[in-house]
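Here are a few exercises for getting to know a new structure. Keep the model open while you work, and try each task before reading its solution.

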Amino acid sequence: MSESIFIGGGGEGYGTPQTLLLDKANRHGLIAGATGTGKTVTLQIMAEGFAAAGVPVFLSDVKGDLSGLALSGSAEFKLHEPFMSRAETIGLDLQYDSFPVTFWDLFGEKGHPIRATVAEMGPLLLSRLMDLTDVQEGVLNVAFRVADEEGLPLLDLKDLQALLVWVGQNAQALSLRYGNVAASSVGAIQRQLLVLENQGGTALFGEPALDLADMMRTRDDGRGEINILAADQLMGSPRLYATFLLWLLSELFEELPEVGNPDKPKLVFFFDEAHLLFDDAPKALVDKVEQVARLIRSKGVGVYFVTQNPGDIPDDVLGQLGNRVQHALRAFTAKDRKELKTAAETYRDNPAFDTAEAIQQVGTGEAVTSFLDRKGIPQVVERTLIRPPSSQLGPIDEPTRKAIMSVSDMAGKYDKTLDRESAFEILSKRADAAAKAAEEAEAEEARLEEKEREFKAARRYDGTRSKQSSSSRKSSDEGFGGALASVVVKELKGTTGRRLVRGILGSLFKGR
């Protein structure tokens, strides 16, 4: 097996092989150049080289052109003769061939669905995806902490939306523990989630989530799998595109074990339209990219940024890209000339030519290149004629794409969405239980109030007034008798009373 990938011919007459060493391929790289200068073909031939060496590849297909990797080139192709002429010039025995390809698509239309859970994405990347302020990001961090403590799995967007509703309802209690949780911030995050839904973000989040092992397969013949993400539709939401690819890089960084300096990478990752990752990115995100780029090479992963201008990449990241292919840059404005000069200064000078002039002069399919040597030192810059691809140049048709997908090992594994119990269902059950308990408590309270009213009404009706009347009469009788007795007793105390009694008794006995 070869220890290097042939990129093209350089030097005098383009006869000196320019190769990318496999054991230095995890030191990352850059493919840059203006539109129409051949970046996509360079990406294609590098993907072919890695796959042939048994290295799995992941790349995003922004224009649809890279799907041609699945089919062999042909002698009937209109550029066959120019390809053969170029191959002869650079000393290449060009053999047409196809390569093992798996198609992926966030929207599940041009490839197998590819998803992540909200929990895996994390608050930092979600904040970047939704363009949240620092305060709103803080509230989102509180929500994720609450989800961990309350045992609320965050799988899809409706889980996060339900959790934020709960956070808003309990904002006062949470503020005492985690700091201010303003209802206005919760509302702002919910609005951004709605925007994300409208951009197609719902398709990204859920289960079954992507198993990274499915990105790192090799075929029985020893060739590495080329994973192609259909990104033409995804590019309509550039922030979603950039955040997804950064998440994928972060997951590789978190999950893969350390391997030191392998003979060849375990995976090579091409990040096309890389400027989207850094445009208006907060410092925390740029720091994360720098950390991943610096440390992921020890996991055996090589990252290759593809962009128009090296200036699109922050200096701290650019400094870690050891293998470079620079296609033509144009210098029409003062800014262009400044960027051209900066790009030229990142290469080791070649005394045979001026690097800045060479970058302007190279034609389509030609580039200035510099790769790491066996000691890991960048070689001097060379004008290089890039080799033609072995696979089909240009996109495949839809029937062919569907036929490849139907026989893929991934067919059926990710096609059906799973919706197991998670935060949305758990919080819904809690809300239903609380509502039922409140309804029962309200009904019980109403029953007790009705019983009390009936009891009071019964007391007024069941003889209360009669007893009062009897008591009143008794009081009257007792009052009259008491008064009479009082008079009698008073009279008996005197002589007249005694006479009166004798008179009454005499009358009684006389009558008998």
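A residue counts as buried under 20% relative accessible area, as exposed over 50%, and as partly exposed in between. One thing to keep in mind: this is a predicted model.

**Exercise 1.** Find D280 and decide: is it buried or exposed?

Solution. Start with the location: D280 sits in the loop between α9 (275-278) and α10 (283-295). Next, take its relative accessibility, which is 71%. The cut-off for exposed is over 50%, so D280 counts as exposed. While you're there, check the backbone too: phi of D280 is near 55 degrees, a positive value in a residue other than glycine.

**Exercise 2.** Work out where H28 lies, and which residues it touches.

Solution. First, place it: H28 belongs to the loop between β2 (16-21) and β3 (29-32). Second, look at its backbone: H28 isn't a glycine, yet it has a positive phi of about 70 degrees. That's worth a pause, because most residues other than glycine have a negative phi. Third, get its accessibility: with a relative accessible area of 1%, H28 is buried. Finally, list its partners, leaving aside neighbours within four places in sequence: H28 is in contact with A293, I296, R297, V301, G302, V303, Y304, Q320, L321, G322 and N323.

**Exercise 3.** Compare the surroundings of two salt bridges, E225 with R217 and K456 with E452.

Solution. Take E225 and R217 to begin with: their side chains meet in a salt bridge, 3.9 Å from N to O. E225 has 0% relative accessibility, so it counts as buried. R217 is buried as well, at 15%. Now widen the view: R217, R219, E225 and D409 are linked in a network of salt bridges.

Then move to K456 and E452, whose closest N and O atoms are 3.5 Å apart. These two are four residues apart in helix α15 (residues 423-461), so about one helical turn separates them. K456 is partly exposed at 44%, and E452 is partly exposed at 43%. If you'd like another pair to look up, R223 forms a salt bridge with D221, with 3.0 Å between the closest N and O atoms. The count for the model comes to 23 salt bridges.

**Exercise 4.** Test whether the span of helix α4 (residues 134-150) agrees or disagrees with what you'd expect for its 17 residues, then see what its buried side packs against.

Solution. Begin with the expected span: at 1.5 Å a residue, the 17 residues of α4 should span 24 Å. Now compare the model: the end C-alpha atoms are 24 Å apart, so the two agree. Next, pick out the buried residues of α4, which are Q136, V139, L140, V142, A143, F144, V146 and A147. The buried residues pack against α3 (118-130), α5 (157-169), α6 (171-178) and α7. Last, step just past the helix: G151 takes a positive phi of about 65 degrees.

**Exercise 5.** What kind of peptide bond joins E207 and P208?

Solution. Go to the loop between α7 (183-198) and β7 (226-230), where P208 is found. Then read omega for the bond joining E207 and P208: omega is about 0 degrees, and the bond is cis. For comparison, most peptide bonds are trans.

Methods:
Residues numbered from 1 in each chain as written. Predicted model: local features only at pLDDT ≥ 70, side-chain atom pairs only at ≥ 80, totals over all residues. Heavy atoms only, no water. Salt bridge = Lys/Arg side-chain N within 4 Å of Asp/Glu carboxyl O. Buried < 20%, exposed > 50% of the residue type's maximum accessible area, 1.4 Å probe, protein only. Contact = heavy atoms within 4.5 Å. Expected span 1.5 Å × (residues − 1).
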